[in-house]
Amino acid sequence: MLKKAPKLKSIIKTKAKTNIIVKPTSEAMIELLMLMFLSNLAEEAKANAFQEKSATIRAHHLKAVSKKMLKKAKG
């Protein structure tokens with residue numbers, strides 16, 4: 001398991017179709033937003049697992065919660 005979030009700067013540059021310049025402050029904000037999203041995802045998946053009386057968070061808990069959270073994030 002990763003102890004540290006991956007560097008998003010390289011991921012953004014590889015997925016972008018044009019050359020994008022990402023400044024360090026923007027990169028830090030992107031990483032913070034990603035970490036906040038992941039922590040919220042884990043909390044919601046934990047709540048979902050608790051509702052189903054499961055002691056562990058499984059893949060189907062994450063899939064169900066991620067669909068809801070991505071819809072909410074898009075607006």
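Helix 3 has 16 residues, and from its first C-alpha to its last it reaches 22 Å. That is close to the 22 Å expected at 1.5 Å a residue. I should say at once that we are looking at a predicted model, so the values I quote are computed from its coordinates.

Which residues of helix 3 are buried? They are His61, Val65 and Met69. These positions invite a general remark: an α-helix has 3.6 residues a turn, so residues three or four places apart point the same way. As for what lies over the buried residues of helix 3, the cover includes helix 2.

Let me take His61 in more detail. His61 sits in helix 3, which runs over residues 59-74. Its relative accessibility is 0%, and because buried means under 20%, His61 counts as buried. The side chain of His61 makes a polar contact of 2.9 Å with the side chain of Glu52. Leaving aside residues up to four places away in sequence, His61 touches Ala45, Asn48, Ala49, Glu52, Ser54 and Thr56. Among these, Ala45, Asn48 and Ala49 are themselves buried residues of helix 2.

Another residue of helix 3 worth a moment is Leu70. Leu70 counts as partly exposed, with a relative accessibility of 45%. Leu70 and Leu41 are 29 residues apart along the chain, and their C-alpha atoms are separated by 9.9 Å. Leu41 is one of the buried residues of helix 2.

That brings me to helix 2 itself, which covers residues 24-51. How does the span of helix 2 compare with expectation? With 28 residues at 1.5 Å a residue, helix 2 should span 40 Å; its end C-alpha atoms are 41 Å apart, which agrees. The buried residues of helix 2 are Glu27, Glu31, Leu41, Ala45, Asn48 and Ala49.

Helix 2 also contributes to the surface. Met29, which is placed in helix 2, joins Leu32, Leu35 and Leu38 in making a nonpolar surface patch of about 380 Å².

I turn now to the loop between helix 2 and helix 3, where two residues deserve comment. The first topic is Lys53, which lies in that loop and follows helix 2. Lys53 has a positive phi of about 55 degrees although it is not a glycine. For context, most residues other than glycine have a negative phi. Is Lys53 buried or exposed? Lys53 is exposed, because its relative accessible area is 78% and the cut-off for exposed is over 50%.

The other residue is Ser54, also in the loop between helix 2 and helix 3. Ser54 counts as buried, since its relative accessibility is 18% and the limit is under 20%. The side chain of Ser54 is joined to that of Arg58 by a polar contact of 3.1 Å. Not counting residues up to four places away in sequence, Ser54 touches Ala49 and His61. We thus meet His61 again, from the loop side: Ser54 is on the list of residues that His61 touches.

Helix 1 remains. Helix 1 comprises residues 8-15, and Ser10 lies in it. Ser10 counts as partly exposed, at 44% relative accessibility. Between Ser10 and Val22 there are 9.7 Å in space, C-alpha to C-alpha, for a separation of 12 residues in sequence.

Finally, the protein as a whole. It has three helices and zero strands, and from the N terminus on its elements run α-α-α. What share of the 75 residues counts as buried? The value is 17%. The accessible surface comes to about 6,700 Å², and 64% of that surface belongs to carbon and sulfur atoms. Among contacts between residues at least 6 apart in sequence, 34% join residues at least 24 apart.

To draw the parts together, I return to His61. His61 is buried in helix 3, is joined through its side chain to Glu52 by a polar contact, and touches Ser54 of the loop. Helix 2, in turn, is part of what covers the buried residues of helix 3.

Definitions and conventions:
Residues numbered from 1 in each chain as written. Predicted model: local features only at pLDDT ≥ 70, side-chain atom pairs only at ≥ 80, totals over all residues. Heavy atoms only, no water. Helix = DSSP H or I, 4+ residues; strand = E, 2+ residues; numbered from the N terminus. Buried < 20%, exposed > 50% of the residue type's maximum accessible area, 1.4 Å probe, protein only. Polar contact = N/O pair within 3.5 Å; in protein donor to acceptor, adjacent residues only side chain to side chain. Contact = heavy atoms within 4.5 Å. Patch = residues over 30% accessible without salt bridge, like charges linked within 9 Å, V, L, I, M, F, W, Y side chains within 5 Å. Areas by Shrake-Rupley, 256 points an atom, 1.4 Å probe, with all protein chains shown as cover. Salt bridge = Lys/Arg side-chain N within 4 Å of Asp/Glu carboxyl O. Expected span 1.5 Å × (residues − 1).
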